[in-house]
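Subject: Structure for your review

Dear colleague,

Please find below the structure that I am handing over to you, followed by what was found in it.

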Amino acid sequence: MRPIYLDNHSTTRVDDRVLAAMLPFFTEHYGNAASVTHAYGWEAEAAVTQAREIVAETIGATPEEIIFTSGATEANNLAIKGVAEAYFSQGRHIITVQTEHNAVLDPCRYLESLGFEVTYLNVDRFGLICLAELEKAMREDTILVSVMVANNEIGVIQPIDKIGELCHDRNILFHTDAAQAIGKIPLTVQNVDLMSITGHKLYAPKGIGALYVRRKNPRVQLSAQLHGGGHERGMRSGTLYTPLIVGLGKAIEIADPISEAVQTRQLRDRLWKQLNLDGIHLNGHPTQRLPGNLNISIENVDGQALLLGLQSSIAVSSGSACTAAKIEPSHVLRAIGAPDPLAFASIRFGIGRFNTEEDIDRAANCVRETVQTLRAAS
Ligand SMILES: *Cc1c(COP(=O)(O)O)cnc(C)c1O
């Protein structure tokens, strides 16, 4: 039997309805959406327009504000480097958070190498930023604040509406990485200037995402990072990948962040309840977190042995990563102050649309048995 898939923060299975919507655009309707002289082009263009409208409507944007990209990494790069390049004459200071995804941190570090200054905000033990600290970090020359909606490891949800208000009071642009949040929790761009999304965390394929770029109050200027045919209003050149765009649109159309959240939250709570081992800790916020997220640390067990013991039965990810043969606790667990031994023995569960109660019960049993065996042996 294949391991039970509980790694839905890392990627998800494509939903059959998404796949069905995409298939005709690989074969029959293979036109280039930029071809204006024939029906093949018109069909593709119509499909792209429809997907763009769905994405826009879902987050409260207009279709012209949606730029399709290859995913959230590209959207984050376009937002952060694009704003930095367009606004550097007004200031070279950017604020972000220590617990952001590397697709935000690495563009920021790159900009530091070009002479920009970046403030990396701390978080509290739940993973939340402090709004007063954010306010204190804002300066005359701050051009951009980038704070994610929901964290990909501990699932904590930042107060993006309040962050957006603080930014707007000071004419600072606000970008948010919503890769984990879109379709999972209600989301609007009301107080946001730039928002990154991706398809493959939401049952659409890998390789497609989008960046929302505000056009009014204020109209955000962005320097293109890919130059070419001038697609996507010049902000992102390259022939539009019609099948993937159709898939992203379908995935967002069928997502129901209210009722699906009830289901995944139930499964998550069931898992947490069944894991009642001695010395188990919840990482992150007890309530303000993604419904399908559970991140735990377990005392008195070797983290590596634990993962090894689990890997044939459940597909999960750990809070540590191997870099150059050395095991390092994740930067997120470090930032919330988890002591190293606990950060090493941590497990991230990402529960998704296709998980069942049976999956959860089997996974909980498996973790309990593995921990008990390891503790008995040591
Ligand atoms: C997965 C993820 C990304 C990267 O998205 P891709 O579409 O794989 O490039 C960025 N940010 C967060 C929070 C993510 O979870």
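In this predicted model, 30 residues of domain 1 are in contact (heavy atoms within 4.5 Å) with 33 residues of domain 2. The assignment gives domain 1 as 4-12 + 256-377 and domain 2 as 16-254, with bounds that come from an automatic or database domain assignment, and the C-alpha centres of the two lie 28 Å apart.

Residues are numbered from 1 along each chain as its sequence is written, and side-chain values use heavy atoms, with hydrogens and water left out. Because the model is predicted, local features need pLDDT of at least 70 and side-chain atom pairs count only at pLDDT 80 or more, whereas totals for chains, interfaces and linings use all residues.

Turning to the interior, the largest nonpolar core (buried Ala, Val, Leu, Ile, Met, Phe, Trp, Tyr and Cys residues joined through side-chain atoms within 4.5 Å, where buried means under 20% relative accessible area, exposed over 50% and partly exposed in between, with a 1.4 Å probe and protein chains only) has 65 residues, and those with the most contacts inside it are Ile66, Phe68, Leu134, Val145 and Met195. Helix H2 (residues 39-59) gives the most to this core, with seven residues; helices here are DSSP runs of H or I with at least four residues, numbered from the N terminus. The core draws at least three residues from each of domain 1 and domain 2. A second, separate core of 24 residues includes Leu310, Ile347, Phe349 and Cys366. Leaving aside neighbours within four places in sequence, Met195 is in contact with ten residues' worth of surroundings that include Ile59, His175, Leu187 and Tyr212.

As for the ligand, the residues around it (a heavy atom within 4 Å) include Gly71, His101, Met148, Asn152, Asp177, His200 and Lys201. Three side chains make polar contacts (pairs of N or O atoms within 3.5 Å) with ligand oxygen atoms: Thr73 at 2.5 Å, Thr198 at 2.6 Å and Gln180 at 2.7 Å. Taken alone the ligand exposes 380 Å², of which the protein buries 88%, with accessible areas from the Shrake-Rupley method and a 1.4 Å probe.

Lastly, Ala132 is found in helix H5 (residues 131-137) and is partly exposed, with a relative accessible area of 48%. The C-alpha atoms of Ala132 and Leu166, which are 34 residues apart along the chain, are separated by 9.9 Å.

With best regards

How values were computed:
Helices (H or I, at least four residues) and strands (E, at least two) are DSSP runs, numbered from the N terminus. A polar contact is a pair of N or O atoms within 3.5 Å; within protein, one must be able to donate a hydrogen and the other to accept it, and residues adjacent in sequence count only if both atoms are side-chain atoms.
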